[in-house]
Amino acid sequence: GRLELNSTLGSKSPAPSGGHLYFMVFDDERGHWKSIRRRWQISSCTEKKEYASYVTDLEVSSSKPESQFLFHIREHIRPRFWYFTF
């Protein structure tokens, strides 16, 4: 499948520097979403990234307030449920 993500910086204030905005994709396998969702509130960002099926660091910049990202998702074994989060 194809996932298109459009983002717009909605503030006139400069974007914070030094931070990261991650887009994470989890599939429904036991070692991915089913494991991390139970500990979502207490897990670190690093732990969440370890359990994700796919992670990308989205660049947010005041000099580029609008961005477009395109992702391709392929299922190999069977159809899956997918979970998306930032």
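## Report on the predicted protein chain

Arg38 lies in the loop that runs between α1 and α2 (45-51). The model described here is predicted. Arg38 has a relative accessible area of 65% and is exposed. Together with Arg30, Lys34 and Arg37, Arg38 forms a positive patch on the surface.

### Overall fold

The protein chain contains two helices and five strands. In sequence order these elements follow the pattern β-β-α-α-β-β-β. The C-alpha trace extends over about 45 × 30 × 15 Å along its principal axes. Of the 86 residues in the protein chain, 29% are buried.

Contacts that are distant in sequence can be described in the following way. Taking contacts between residues at least 6 apart in sequence, 73% join residues that are at least 24 apart.

The exposed area of the protein chain is about 6600 Å², and carbon and sulfur atoms supply 51% of this area. The protein chain carries 13 positive and 10 negative charges, and the mean positions of the two sets are 5 Å apart.

### Salt bridges

The structure holds four salt bridges. Three of the pairs are listed below, with the N to O distance for each.

| Acidic residue | Basic residue | N to O distance |
|---|---|---|
| Glu4 | Arg2 | 3.1 Å |
| Glu29 | Arg80 | 2.6 Å |
| Glu47 | Arg39 | 2.9 Å |

Where in the chain are Glu29 and Arg80? The salt bridge between Glu29 and Arg80, with its closest N and O atoms 2.6 Å apart, links distant parts of the chain. Glu29 sits in the loop between β2 (21-27) and α1 (33-36), whereas Arg80 sits in the loop between β4 (66-72) and β5 (82-85). The two residues are 51 residues apart. Arg80 is buried, at a relative accessible area of 15%, while Glu29 is partly exposed at 28% relative accessibility.

The side chains of Arg2 and Glu4 also meet in a salt bridge. Arg2 is exposed, with a relative accessible area of 57%. Glu4 is partly exposed, with a value of 39%.

The side chains of Glu47 and Arg39 form another of these pairs. Glu47 has a relative accessible area of 26% and is partly exposed. Arg39 likewise counts as partly exposed, at 27% relative accessibility. Elsewhere, Asp28, Glu29 and Arg80 are joined into one network by salt bridges that share partners.

### Nonpolar surface patch

Which residues form the nonpolar patch on the surface? The patch consists of Leu21, Val60 and Phe86, which together have about 260 Å² of accessible area. Leu21 belongs to strand β2. With a relative accessible area of 34%, Leu21 is partly exposed. Leu21 can take part in such a patch because membership calls for over 30% relative accessible area, and Leu21 has 34%.

### Surroundings of Ile36 and His32

Is Ile36 of helix α1 buried or exposed? Ile36 is buried, at 0% relative accessibility; the cut-off for a buried residue is under 20% relative accessible area. Not counting residues up to four places away in sequence, Ile36 touches Phe26, Ser43, Glu47, Lys48 and Tyr51. Glu47 in this list is also the salt-bridge partner of Arg39. The C-alpha atoms of Ile36 and Glu75 are separated by 21 Å, and these two residues lie 39 residues apart along the chain.

His32 is located in the loop between β2 and α1. Which residues are in contact with His32, leaving aside neighbours within four places in sequence? The contacts are Phe26, Asp27, Tyr51, Ala52 and Ser53. Phe26 and Tyr51 appear in this list and are touched by Ile36 as well. His32 and Lys49 are 17 residues apart along the chain, and their C-alpha atoms are separated by 9.8 Å.

Key
Residues are numbered from 1 along each chain as its sequence is written. This is a predicted model: local features need pLDDT of at least 70, side-chain atom pairs count only at pLDDT 80 or more; totals for chains, interfaces and linings use all residues. Side-chain values use heavy atoms; hydrogens and water are left out. Helices (H or I, at least four residues) and strands (E, at least two) are DSSP runs, numbered from the N terminus. Buried means under 20% relative accessible area, exposed over 50%, partly exposed in between (1.4 Å probe, protein chains only). Contact means heavy atoms within 4.5 Å. Accessible areas come from the Shrake-Rupley method with a 1.4 Å probe; for residues, only the protein chains shown count as cover. Lys and Arg count as positive and Asp and Glu as negative; His and the chain ends are not counted. The place of a charge is taken as NZ of Lys, CZ of Arg, CG of Asp or CD of Glu. Patches are made of residues with over 30% relative accessible area and no salt bridge: like charges are joined within 9 Å, nonpolar side chains (Val, Leu, Ile, Met, Phe, Trp, Tyr) within 5 Å.
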